[in-house]
Amino acid sequence: MTIGLAVFYLWPIAQMFYYSFTKSGPFGGQTWIGTANYQTLVDEPSVVQAVVNTLVYTAIQLAGIPLAILVAALLNQRELRGRSVYRALYFLPVVTMPVAVAMLWRWMYNGDYGLINYLLSMVGVHGMHWAADPSVTLYALAAIGIWMSLGYNLVIFLAGLQGIPAEYYEAAAIDGSGAARTFLRITVPLLSPSIFFATVLTVINSLQMFDLAYMMMNTPAGASGNPALPRVRTISYLFYQKAFVEHDLGFGAAIAFVLLGFIVVMTFIQFRLQKRWVHYG
């Protein structure tokens with residue numbers, strides 16, 4: 001296990017760190033340039049915009065966790081008929097390839113013949129180009145992200161809900177506690193370990209978001225032909241663009257190392273703050 005960790009994780013990180021101080025030549029090879037790539041990171045406007053886009057996308061994904069908790073609480077009701085069917089339908093996007101999801105939503109978001117604009121036209125509302133309007137495209141992609149992750153979070157929260165002893169709810173019923181009060185005072189606190197786990201995974205996955213943006217932004221003219229790309233380009237997307245499109249591997253490595261630092265810092269903060277609101281036992 002130690003050898004596998006060193007070969008597949010530690011060595012690539014060390015190699016990436018080294019490459020971040022180099023510049024690749026047109027025919028390969030690296031030239032040591034010191035901290036020039038990191039200085040460019042600070043001065044490059046596209047990097048700042050990518051960081052902002054990534055943080056906004058991550059914040060919206062976190063807003064999907066309360067939705068998953070509410071849906072899980074509804075699906076956990078024993079009197080609900082067809083619970084297994086609902087659970088399977090919610091989990092279906094999790095096991096669907098991101099490429100297939102992007103193709104489906106590109107059709108739904110299409111400004112000319114998309115399903116969403118067609119439904120809006122039936123009530124007299126003029127739709128927009130959801131995947132090409134800089135003012136809404138990031139939020140449109142975040143909605144897809146919430147839809148894709150909802151099923152996975154449901155599995156986590158349903159497992160947590162089923163682990164809550166029934167005695168707590170029986171005692172609350174005897175005390176005359178209402179449904180909303182019971183949910184806020186019993187269910188949510190006892191579900192906090194599951195919420196913390198889902199939050200950590202959501203932040204890590206959101207900071208690495210690439211495939212959805214890549215598939216949704218590509219047009220017949222290429223991704224560069226989409227006017228919404230600067231407002232949707234995440235850190236991972238910028239890494240791909242610099243390293244594999246512009247072939248600047250050193251600058252791409254610097255971006256990747258900054259992304260790794262983001263993930264480490266955000267995860268550390270979450271683990272520090274969880275002592276204040278996560279209740280075990």
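Here is a short chat about a predicted model of one protein chain.

Visitor: How many helices and strands does the chain have?
Guide: Let's start with the overall frame. The C-alpha atoms fill a box of roughly 75 × 55 × 30 Å, taken along the principal axes. Inside that frame, the chain has 13 helices and 2 strands.

Visitor: What percentage of the residues in the chain is buried?
Guide: A residue counts as buried when its relative accessible area is under 20%. The chain has 281 residues, and the buried share of them comes to 38%.

Visitor: Which helix supplies the largest share of the largest nonpolar core?
Guide: That core has 24 residues, and Trp105, Tyr109, Leu141 and Ile144 are among those with the most contacts inside it. Helices α3, α5, α7, α10 and α11 each supply at least two residues of this core. The largest share, 7 residues, comes from α7.

Visitor: How many residues are in the other core that lies apart from it?
Guide: In soluble globular proteins, nonpolar side chains tend to be buried together. In this chain, another core lies apart from the largest one, with Ile65, Leu161, Ile164 and Phe183 among its members. Its residue count is 18.

Visitor: Is serine 236 buried or exposed?
Guide: You'll find serine 236 in helix α12, which covers residues 235–245. Leaving aside residues up to four places away in sequence, serine 236 touches Leu207, Gln208, Met209, Phe210 and Leu259. Its relative accessible area is 9%, so serine 236 is buried.

Visitor: Which residue meets aspartate 248 in a salt bridge?
Guide: The structure holds 2 salt bridges, and in this one the N to O distance is 4.0 Å. The pair links distant parts of the chain, 225 residues apart: aspartate 248 sits in the loop between α12 and α13, and its partner is in strand β1. That partner is lysine 23.

Visitor: Of aspartate 248 and lysine 23, which one is buried?
Guide: The cut-off for buried is under 20% relative accessible area. Lysine 23 has 44%, so lysine 23 is partly exposed. At 18%, the buried one is aspartate 248.

Visitor: And in the salt bridge of glutamate 246 and lysine 242, which residue counts as buried?
Guide: These two side chains meet at 3.3 Å, N to O. Glutamate 246 has 42% relative accessibility, so glutamate 246 counts as partly exposed. At 12%, the one that counts as buried is lysine 242.

Visitor: How far apart do the centres of the positive and negative side chains lie?
Guide: The chain has 14 positive side chains and 11 negative ones. Take the centre of each set, and the two lie apart by 6 Å.

Terms used. Residues are numbered from 1 along each chain as its sequence is written. This is a predicted model: local features need pLDDT of at least 70, side-chain atom pairs count only at pLDDT 80 or more; totals for chains, interfaces and linings use all residues. Side-chain values use heavy atoms; hydrogens and water are left out. Helices (H or I, at least four residues) and strands (E, at least two) are DSSP runs, numbered from the N terminus. Buried means under 20% relative accessible area, exposed over 50%, partly exposed in between (1.4 Å probe, protein chains only). Lys and Arg count as positive and Asp and Glu as negative; His and the chain ends are not counted. The place of a charge is taken as NZ of Lys, CZ of Arg, CG of Asp or CD of Glu. Contact means heavy atoms within 4.5 Å. A nonpolar core is a set of buried Ala, Val, Leu, Ile, Met, Phe, Trp, Tyr and Cys residues joined through side-chain atoms within 4.5 Å.
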